Structures are given as structure tokens and as C-alpha cells.
Amino acid sequence: MHSQRKDNLNIKKKLAIDFINKGNYVEAEKIFQNLILLERNNPIHYNNLGNVQKELKKLSKSKKSFQKAIEISPRDPDIYINLGSVFKIERNLDKAIYYINKGIQLNPENETLVVAFNNIGNIYFEKKDIKK
């Protein structure tokens, strides 16, 4: 029975990713919300939900999802970088820098660092424009 449940979860995860790849974020959001009901302590589900909500411009919900993922997995640098990207969209550039830097500090060898450094550079550029 345990194997069947795990297979069911994997099918749902794959389906959600397929929806994301097709740009159907509404359906992906529903599946990730369902996955969270089934696996409440899985930070990947919260992180994925936060990314989908960000795409849907549900920024407040997205931040809450990322914060829950951080609560469960406080050493995962990608979640901090994702949360920082939401603050960047909201133009809360100081918080964006804080969270992206936190992600970089947690794992300076992370392969997503190129994106993180690019985000930091863009944020500093925007901050300069804001001061004008």
C-alpha cells in the first residue's frame, strides 16, 4: 500500500510539472496544494507552489509558501533566492537583496548562483535608478 501511495504522489508531481511546462499554472497550483495536504512537511511542494503563485502574480501567497518552505528547510538556498525574487517583483529591493544574499551565503557552490548574482546586479542597478 505504501508503494501505491508513493506512486500516486509521483504521478501528481509529474502532472504538476507538465502543467508548469505548458504554462497552465492554475492547474499546477491546485496539484501542489493537494500534494501539501498529503505531505505537509515537504518543502519542495511549498517551494514549487510559491513559484507557481509567483507566475500567477499571487505574490502575497507566494511569499507565504516560500516562508513555509524555509521554516521546514532553513538550509535550502534556492528557497531564499526564490523568495528574494518575489520581493524584487514587488520592488522591495532591500528585502530582495537580503534573501538572495542569504541563499548565496548558504551555498556559495550552488549552480543557481549565476541567476542569483544576476538578480543582485539588476537590483542594485534598479536601486540606483530609484534614487534619481
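Is R91 buried, partly exposed or exposed? R91 is partly exposed, with a relative accessible area of 44%; buried means under 20% relative accessible area, exposed over 50%, and partly exposed in between, with a 1.4 Å probe and protein chains only. The views below show a predicted model, in which local features need pLDDT of at least 70 and side-chain atom pairs count only at pLDDT 80 or more, while totals for chains, interfaces and linings use all residues. Residues are numbered from 1 along each chain as its sequence is written, and side-chain values use heavy atoms, with hydrogens and water left out.

**View 1. The whole chain has seven helices and zero strands.** Helices (H or I, at least four residues) and strands (E, at least two) are DSSP runs, numbered from the N terminus. Along the sequence the pattern is α-α-α-α-α-α-α. The protein chain has 132 residues, of which 39% count as buried. Its accessible surface is about 8100 Å², and 52% of this belongs to carbon and sulfur atoms; the areas come from the Shrake-Rupley method with a 1.4 Å probe, and for residues only the protein chains shown count as cover. Among contacts with a separation of 6 or more, 44% join residues 24 or more positions apart; a contact means heavy atoms within 4.5 Å.

**View 2. The largest nonpolar core has 29 residues.** A nonpolar core is a set of buried Ala, Val, Leu, Ile, Met, Phe, Trp, Tyr and Cys residues joined through side-chain atoms within 4.5 Å. F32, L83 and I123 have the most contacts inside this core. At least two of its residues come from each of helix 1 (2-21), helix 2 (25-38), helix 3, helix 4, helix 5, helix 6 (93-106) and helix 7 (113-131). Helix 6 gives the most, with seven residues. Leaving aside residues up to four places away in sequence, L83 touches K63, F66, Q67, I70 and Y99.

**View 3. Helix 2 has its buried residues on the same side.** These residues are A28, E29, I31, F32, L35 and I36. They cover an arc of only 165 degrees around the axis of helix 2, where the arc is that of the directions from the helix axis to the C-beta atoms. The buried residues of helix 2 pack against helix 1 and helix 3. The 14 residues of helix 2 should span 20 Å at 1.5 Å a residue, and its end C-alpha atoms are 20 Å apart, which agrees; the expected span is 1.5 Å times one less than the number of residues.

**View 4. Helix 4 covers residues 59-72.** From its first C-alpha to its last, helix 4 reaches 20 Å, close to the 20 Å expected for its 14 residues. L59, S62, K63, S65, F66, A69 and I70 are buried in this helix. Down the axis of helix 4, the buried residues fall within an arc of 160 degrees, so they line one face. They pack against helix 3 (43-55) and helix 5 (77-89). The face turned away from the buried side carries the exposed residues K64 and E71. K61 is also found in helix 4 and is partly exposed, at 47% relative accessibility. The C-alpha atoms of K61 and L49 are separated by 9.1 Å, with the two positions 12 residues apart along the chain counted as their separation.

**View 5. Three of the salt bridges are shown, from five in the structure.** A salt bridge is a side-chain nitrogen of Lys or Arg within 4 Å of a carboxyl oxygen of Asp or Glu. K30 and E27 meet at 3.2 Å, N to O, and are three residues apart in helix 2, about one helical turn. K58 and E29 form a salt bridge with their closest N and O atoms 2.8 Å apart. This pair links K58, in the loop between helix 3 and helix 4, to E29 in helix 2, 29 residues apart. K58 is partly exposed at 32%, whereas E29 is buried at 5%. K63 and E90 meet at 2.9 Å, N to O. K63 lies in helix 4 and E90 in the loop between helix 5 and helix 6, so the pair ties together parts 27 residues apart in sequence.

**View 6. K57 and R91 each have a positive phi.** Most residues other than glycine have a negative phi. Phi is about 65 degrees for K57 and near 70 degrees for R91. K57 is in the loop between helix 3 and helix 4 and is exposed, at 62% relative accessibility. R91 is in the loop between helix 5 and helix 6.
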